Protein chains: 2
Amino acid sequence: MAKRDKDAGQRGRANGRRAGDRGHYGRLSRERVLATALELVDREGLSALSMRRVGAELGVEAMALYRYARSKDALLDGLVEALYLELEDDLADTDATRVPVADGPAWRAELHRIAQATYRVALAHPHVVPLLATRMLAVPLARRPLAVLKDHERVLTLLEEQAGLDEKGASAAFRAFSSWVLGYIFVELRAMVDNPEEPDPAFRLGLHRMPAQELPRLRRTAPSLAEHGGVRGLAAGLDALLDAELGRP
Amino acid sequence: MAKRDKDAGQRGRANGRRAGDRGHYGRLSRERVLATALELVDREGLSALSMRRVGAELGVEAMALYRYARSKDALLDGLVEALYLELEDDLADTDATRVPVADGPAWRAELHRIAQATYRVALAHPHVVPLLATRMLAVPLARRPLAVLKDHERVLTLLEEQAGLDEKGASAAFRAFSSWVLGYIFVELRAMVDNPEEPDPAFRLGLHRMPAQELPRLRRTAPSLAEHGGVRGLAAGLDALLDAELGRP
DNA sequence: GCAAAATATTTACGATGTATCCGTACATTT
DNA sequence: AAATGTACGGATACATCGTAAATATTTTGC
């Protein structure tokens, strides 16, 4: 893709912008469009994302975006891509906080590092996370953004090359890894608080709305349920799954 | 559309239906609306779901639906509810195929039964599954459909009452259980096939679209990755997680 | 049979995704 | 420097969407 602009050579010189008068910010670009869309979604949620809105944010008509995303769905895929690009950065950053990693082989630690980076990036953009479900169901593997595929490749390589699994085993482990990380993130992001103002925990959770007769346990346990498992919980489950998938460390 | 007959006479006693000519089926009801919406989504996907469309399907104007769902979002929540109601039925059905359950305490088998029933119901309505992510992020616990909460209650009760966990422990186990089941279903539903017509597996997956240089492993492993883990995989991971969360059986 | 309540229709509005056509400013060639 | 091709963004238009408000119709209770 992106194969037509032959020159691309410098196009306005350096920055002497002055086109139409629309752009205090110079020309559009896929990066600029995606960054703006991501910002908007982070700020106001997925439902605020419309072509016109993103256009406005960029000082441009909605139709101008179609040069950089062939449809709104493509824009959504772009958001997913942006997320995975951020993940790549995060992983390249060697300083990235690496939290509680049980000892064991290097590939295991690396899987934890990936899982935790994914967790961090996802929590940083909660409104984008639903797209991880939606778009992955809509877009077949081979058509997913490159950044997504590179992430898959990275995990697969660890499993096949370093953990020494064969194709079958690596596939199973890969599925388990993805399922756990994704599911964990979703559950962590589920809305729990009903009324953030309220100081009393029970009211904050809106427990008074739940029929006490039928849901005694849930009512009692809800406050504890509302807490986050954090990276600890993520790591614990991952270890459990890896142990089962490949034998203990 | 269809607005000609003014007569509309009385619309039938008992069942001698004959109203307007809209309703071969009598009055609207929440159940009818949800069932129709679910059918439509199963048949044509989430994007085909619009108030007007559901209305048309029922021989009714779009606005008529608003008596049974206060907004489109509420309708979506209704679909989630419908899914969980089906799950309840499935679980009540003692004949429901209970597949490979490791031996161990009864509550463990029961958790497997719930997981597998959830899996079955979800795979039966793949287009609805994204809503499990979307709506759960949008609707706080206390406002979720009763059927959803009853499912939570059921799992929690098993963990606290039968497995003997305290609140903290049960919460952690509950989160692990939900994460795994949900994540597993999502990964299982991810689109893999690019071109269903194609007989050759590699082409069917559209592997020729993926850059070979950067993704050698993924290309090689994709066919195996495209296979389903099925209930076996679901059960295996669940056992691993439960072992870790409560000690081996 | 009739008033009251429940249910469905009409009409209307603003927002959305996107197809199509048009202008314009720059890059390259002459 | 003038001409020209082309990438880029704007303008306009349309079908569809969710839904508020007012209206019409049917059902129900007495």
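A cavity is a set of grid points where a 1.4 Å probe fits but cannot get out. The exercises below apply this to a predicted model.

**Exercise 1. Find the volume of the second largest cavity and describe its lining.**

Solution.
Step 1. The second largest cavity holds about 190 Å³ of space.
Step 2. It is lined by 17 residues, and those closest to its centre are A:Tyr84, A:Thr118, A:Asp151, A:Ser178 and A:Val181.
Step 3. Assign the lining to elements of chain A. At least two residues each come from helix H3 (72-92), helix H4 (106-124), helix H5 (129-138), helix H6 (146-162) and helix H7 (167-189). H7(A) has the largest share, with 6 residues.
Step 4. Sort the lining by class: 12 residues are nonpolar, 3 polar and 2 charged.

**Exercise 2. State how many cavities of 30 Å³ or more the whole structure has, then describe the largest cavity.**

Solution.
Step 1. The search finds 6 such cavities.
Step 2. The largest cavity has a volume of about 240 Å³.
Step 3. Of its 18 lining residues, A:Arg190, B:Tyr84, B:Thr118, B:Asp151 and B:Val181 are the closest to the centre.
Step 4. In chain B, helix H3 (72-92), helix H4 (106-124), helix H6 (146-162) and helix H7 (167-189) give two or more residues to this lining. The largest share, 6 residues, belongs to H7(B).
Step 5. By class, the lining of the largest cavity has 13 nonpolar, 3 polar and 2 charged residues.

**Exercise 3. Describe the interface of chain A and chain B by its contacts and its buried area.**

Solution.
Step 1. Count the residues in contact: 66 in chain A and 66 in chain B.
Step 2. The size of an interface is often given as the accessible area lost when the parts come together. Here the two chains bury about 6,000 Å² between them, and 63% of that is on carbon and sulfur atoms.
Step 3. Within chain A, the residues that lose the most area to chain B are A:Leu137, A:Arg190 and A:Arg217, which together make up 12% of what that side buries.
Step 4. Count the polar contacts: 26 residue pairs between the chains, with both residues at pLDDT 80 or more.
Step 5. On the side of chain A that touches chain B, two or more residues each come from H5, H6, H7, helix H9 (216-225) and helix H10 (230-246). H7(A) gives the most, 16 residues.
Step 6. By class, this side has 36 nonpolar, 12 polar and 18 charged residues.

**Exercise 4. Count the salt bridges across the interface and explain why the pair A:Arg143 and B:Asp194 joins two chains.**

Solution.
Step 1. Side chains of opposite charge can pair when their charged atoms come close. The cut-off used is 4 Å from nitrogen to carboxyl oxygen.
Step 2. Over all chains the count is 32 salt bridges. Across the interface of chain A and chain B it is 10.
Step 3. Check one pair: B:Arg217 and A:Glu161 meet at 2.4 Å, N to O.
Step 4. Check another: A:Arg143 and B:Asp194 meet at 2.6 Å, N to O. A:Arg143 is in the loop between H5 and H6 of chain A, while B:Asp194 is in the loop between H7 and helix H8 (201-205) of chain B, so this salt bridge joins two chains.

**Exercise 5. Describe the second largest pocket.**

Solution.
Step 1. Its volume is about 1,300 Å³.
Step 2. The pocket has 37 lining residues, and A:Leu46, A:Thr134, B:Leu46, B:Leu131 and B:Thr134 are the closest to its centre.
Step 3. The lining divides into 19 nonpolar, 9 polar and 9 charged residues.

Methods
Residues numbered from 1 in each chain as written. Chains lettered and ligands numbered in written order. Predicted model: local features only at pLDDT ≥ 70, side-chain atom pairs only at ≥ 80, totals over all residues. Heavy atoms only, no water. 1 Å grid on protein atoms, 1.4 Å probe; cavity = no way out; pocket = protein on both sides within 12 Å on 5 of 7 lines; lining within 4 Å. Points joined across faces, edges and corners; volume = space filled by probe spheres on them. Helix = DSSP H or I, 4+ residues; strand = E, 2+ residues; numbered from the N terminus. Nonpolar A, V, L, I, M, F, W, Y, C, P; charged D, E, K, R; others polar. Contact = heavy atoms within 4.5 Å. Buried area = accessible area lost by both parts, 1.4 Å probe. Salt bridge = Lys/Arg side-chain N within 4 Å of Asp/Glu carboxyl O. Polar contact = N/O pair within 3.5 Å; in protein donor to acceptor, adjacent residues only side chain to side chain.
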